[in-house]
Amino acid sequence: MRERWKNNFSEWYNEIIERAEILDVRYPVKGVYVWYPYGFKIRRHVVELIRSILDATGHEEALFPLLIPEHEFAKEAKHIAGFEDEVYWVTHGGLEPLKVKLALRPTSETAIYPIFALWIRSHADMPLKIYQVVNTFRYETKHTRPLIRLREITTFKEAHTAHASAEDAERQVREAIECYKRFFDTLGVPYIISRRPDWDKFPGAEYTMAFDTIFPDGRTLQIATVHNLGQNFSRTFEITFENPQGEQEYAYQTCYGISDRVIAALLALHGDDSGLCLMPEVAPIQVVVIPIWFKDKKELVDSEVEKLMEELSDFRVHVDSRDIRPGAKYYDWELRGVPLRVELGPRDIERGEVTLVRRDTGERFSVPRGELKERVQETLNAIAANLKERAWREMESRIHSAQSIEEIRSLVVEKGGVVKTTWCGREECGKSIEDSADVDILGILEEAAQGTCVGCGEKAENVIIMGRSY
Ligand code: PR8
């Protein structure tokens, strides 16, 4: 059942985040939340996944300070202009005013690049590919929401790279996109990749590529961005290197990031009216075992459960031996999204079978005891494939084509979706399309445009997607 999930998504989301023990939202600072142990385990698996993808592609993890001195933070004019109204400042040490104000990083370009200037000497030092997983602070003025719009972003994975040529930086942008595709594909989170219009790119970037997903209420969520910084920051921070010809040159840079929003998407897209439905890859518990005790058979069942646990030791398994009704246990683990339930009672033991129940489809079936391990693996794989396929199908069903402003408005605002349309590429016209449709241009797709611009009727240059985002 996905009635409430679909029709009352916001309510569903707020309630599930709390009841499934992902975040405690009662912390007394706006936009700042507490991770429960269960939610934090999901987070840990997600972070491990992105780490493994980045490590396998030659990135190295490092850790830079949270505090950024004002003079570094203010160096890059566009960057500071883009972030100044979102920065938290540390102005005092105890009772004493600080001589130099310190920014809590809203992102770490200005913490990292002065140090890159010290690390990079020659073209042989590059490509330099660094990442860190840290908390960042943004004084968001739009409505804050758990995992979606945070003032303390607790899971900011930011990568920063430096290159000896513009071509190599361009190649890095493609590599980053490939890394994120692999990441989202493993999580079964569907995405649309587009290039942000110039007025919406990252402050200080040459251009920004973004991944957006669509939530059940039709709103889009930006879940990853990849920025080509060109030489904008290297000029400001004096990141120079000696090229093979012996000349000094400014480095070419990229940066790319994801956040807690990835976890928001993971939870939001795979849920239903009974709660979460976790991808096996990141589920803290992949298989929950429920012993079905009958009066005089408790010992028999318990000893079989013990054997079964050993057989399933390759998975993250949990036995629920609480002294409550099995039905109450089913309810709890469904709410928390455990992908697979195993039930074992005297009747199963007699028949040499085990009962499996899939969280995604509710399907219940018996498997021979001797085949348990293979069948569990096979079923977890089937669940992952089904969740991914279902999420992609749902998202694609929300993308429509529109040829007029009225159509854009009606498809996005009334039907709750995203539209594809065509645009001449002029900023002035783009903004007027946004104003008259009351819908944002999310980005430009890598597709050849045909026909005319939906705003001015001139020749179309770009295929764009438009929607309302979180
Ligand atoms: C950069 N510099 O910073 P970006 N709450 C949750 N997630 C958020 C929030 C928020 N308030 N704001 C942004 N995000 C570059 C790239 C280092 C890394 C998420 O880029 O400003 C969004 O998914 O685009 C965004 O795509 C990502 O952080 C990176 O932030």
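Trainee: Why is F233 called buried?

Mentor: In this predicted model, F233 has a relative accessible area of 0%. Buried means under 20%, so F233 is buried.

Trainee: What makes Y113 buried?

Mentor: The relative accessible area of Y113 is 0%. That value is under 20%, so Y113 counts as buried.

Trainee: How many aromatic pairs does a search of the whole structure find?

Mentor: The search gives 22 aromatic pairs.

Trainee: Why is the pair of Y113 and F233 called edge-to-face?

Mentor: Two values decide this. The ring centres are 5.5 Å apart, and rings pair if their centres lie within 6.5 Å. The planes of Y113 and F233 stand at 75 degrees, and planes over 60 degrees apart count as edge-to-face. The pair is therefore edge-to-face.

Trainee: Why is the pair said to tie together parts that are 120 residues apart in sequence?

Mentor: Because Y113 belongs to helix α6 and F233 to helix α8 (residues 232-237), and these parts are 120 residues apart in sequence.

Trainee: What makes the pair of F183 and F184 tilted?

Mentor: The centre-to-centre distance is 5.2 Å, with 55 degrees between the planes. The distance is within 6.5 Å, and the angle is neither under 30 degrees, for stacked, nor over 60, for edge-to-face, so the F183 and F184 pair is tilted. Both F183 and F184 are buried. They also belong to a cluster in which ring pairs link Y180, F183, F184, Y191, F211, Y256 and W392.

Trainee: Turning to the helices, why are α3 and α9 called roughly perpendicular?

Mentor: Helix α3 (residues 37-56) packs against helix α9 (residues 261-269) at about 115 degrees, and their axes are 11 Å apart. Angles of 65 to 115 degrees count as roughly perpendicular, and α3 and α9 are therefore placed in that class. Their crossing is right-handed. On the α3 side the contact uses I42, R43 and V46, and on the α9 side V262, I263, L266 and L267.

Trainee: How do the residues of the contact of α3 with α9 divide into nonpolar, polar and charged?

Mentor: There are six nonpolar, no polar and one charged. Arg counts as charged, so R43 is the charged one.

Trainee: Why are α2 and α9 also described as roughly perpendicular to each other?

Mentor: Their axes come within 11 Å and cross at roughly 110 degrees. That angle lies in the range of 65 to 115 degrees, so α2 and α9 are roughly perpendicular. The crossing is right-handed. F9, W12, Y13 and I17 of α2 make the contact with A264, L267 and A268 of α9. By class this contact has seven nonpolar, no polar and no charged residues.

Trainee: What makes α14 oblique to α15?

Mentor: The axes of helix α14 (residues 405-414) and helix α15 (residues 427-437) come within 9 Å and cross at roughly 55 degrees. That angle is not under 35 degrees, not over 145 and not in the range of 65 to 115, so α14 is oblique to α15. The crossing is right-handed. In the contact, I405, I408, R409 and V413 of α14 meet I433, S436 and A437 of α15. The classes are five nonpolar, one polar and one charged.

Trainee: Where is E21 found, and why does it count as partly exposed?

Mentor: E21 is in the loop between α2 (9-19) and β1 (23-24). Its relative accessibility is 31%. Buried requires under 20% and exposed over 50%, so E21 falls in between as partly exposed. Its phi is near 60 degrees, a positive value in a residue other than glycine.

Trainee: Why is a positive phi in a residue other than glycine worth a remark?

Mentor: Because most residues other than glycine have a negative phi. L147 is listed too, with phi near 70 degrees. L147 sits in the loop between β7 and β8 (152-163).

Trainee: Why does L147 count as buried?

Mentor: Its relative accessibility is 1%. This is under 20%, so L147 is buried.

Trainee: What makes the peptide bond from M126 to P127 cis?

Mentor: Its omega is near 0 degrees. Most peptide bonds are trans. P127 is in the loop between α6 (109-119) and β7 (128-137).

Trainee: Why is I68 called buried?

Mentor: I68, in strand β4 (residues 67-69), has a relative accessible area of 0%, which is under 20%, so I68 is buried. Beyond its neighbours within four places in sequence, I68 is in contact with F73, K101, L102, A103, R105, T107, T110 and A111.

Terms used:
Residues numbered from 1 in each chain as written. Predicted model: local features only at pLDDT ≥ 70, side-chain atom pairs only at ≥ 80, totals over all residues. Heavy atoms only, no water. Helix = DSSP H or I, 4+ residues; strand = E, 2+ residues; numbered from the N terminus. Buried < 20%, exposed > 50% of the residue type's maximum accessible area, 1.4 Å probe, protein only. Contact = heavy atoms within 4.5 Å. Axes fitted to C-alpha atoms, helices over the stretch in contact; angles between N-to-C directions. Left-handed = near helix turned anticlockwise from the far one by under 90°. Phe/Tyr/Trp six-rings, centres within 6.5 Å; stacked < 30°, edge-to-face > 60°.
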